[in-house]
Amino acid sequence: MPHELMALSVRERAAIYAMIAVRVDKEKRERSRAGGRKR
């Protein structure tokens, strides 16, 4: 929830944002690999 996120320290929020960025990056790579196989 947004209010829970804002209650965290700056370092905790930074860690969460970094984890999200890593996951999005991984999903993009997997999607591009899957897209290449379909063609």
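**Close-ups of a two-helix model**

**View 1. Glu27 is partly exposed, at 32% relative accessibility.** Here, buried means under 20% relative accessible area, exposed over 50%, and partly exposed anything in between, using a 1.4 Å probe and protein chains only. Arg23 sits at 57%, so it counts as exposed. The model is a predicted one: local features need pLDDT of at least 70, side-chain atom pairs count only at pLDDT 80 or more, and totals for chains, interfaces and linings use all residues. Residues are numbered from 1 along each chain as its sequence is written, and side-chain values use heavy atoms, with hydrogens and water left out.

**View 2. Glu27 and Arg23 make a salt bridge.** Their closest N and O atoms are 3.1 Å apart. For the label to apply, a side-chain nitrogen of Lys or Arg must be within 4 Å of a carboxyl oxygen of Asp or Glu. Searching the whole structure turns up one such bridge. Both partners belong to helix α2 (residues 10-38) and are four residues apart, about one turn of the helix. Helices are DSSP runs (H or I, at least four residues), strands are E runs of at least two, and both are numbered from the N terminus. Side chains of opposite charge can pair when their charged atoms come close.

**View 3. Arg13 is buried but has no salt bridge.** This residue is also in helix α2. How far away is the nearest side chain of opposite charge? That side chain is Glu12, at 7.2 Å. For these charges, Lys and Arg count as positive and Asp and Glu as negative, while His and the chain ends are not counted. Arg13 does have something else to look at: a polar atom of its side chain lies 3.4 Å from the backbone oxygen of Leu8.

**View 4. Five residues form a nonpolar surface patch.** The members are Ile16, Tyr17, Met19, Ile20 and Val24, and together they have about 460 Å² of accessible area. Areas come from the Shrake-Rupley method with a 1.4 Å probe; for residues, only the protein chains shown count as cover. Patch members need over 30% relative accessible area and no salt bridge; nonpolar side chains (Val, Leu, Ile, Met, Phe, Trp, Tyr) are joined within 5 Å, and like charges within 9 Å. Val24 is partly exposed at 36%, and Ile20 is partly exposed at 46%. Ile16 is partly exposed too, at 30%.

**View 5. Ile16 and Ile20 can each be paired with a residue 11 positions away.** Ile16 and Leu5 are 9.1 Å apart, C-alpha to C-alpha. For Ile20 and Ser9, the C-alpha separation is 17 Å. Ile16 is in helix α2, and so is Ile20.

**View 6. Zooming out, the protein has two helices and zero strands.** Its C-alpha trace spans about 45 × 15 × 5 Å along the principal axes. Of the 39 residues, 3% are buried. The accessible surface is about 3900 Å², with 59% of that belonging to carbon and sulfur atoms.

Note on methods:
A polar contact is a pair of N or O atoms within 3.5 Å; within protein, one must be able to donate a hydrogen and the other to accept it, and residues adjacent in sequence count only if both atoms are side-chain atoms.
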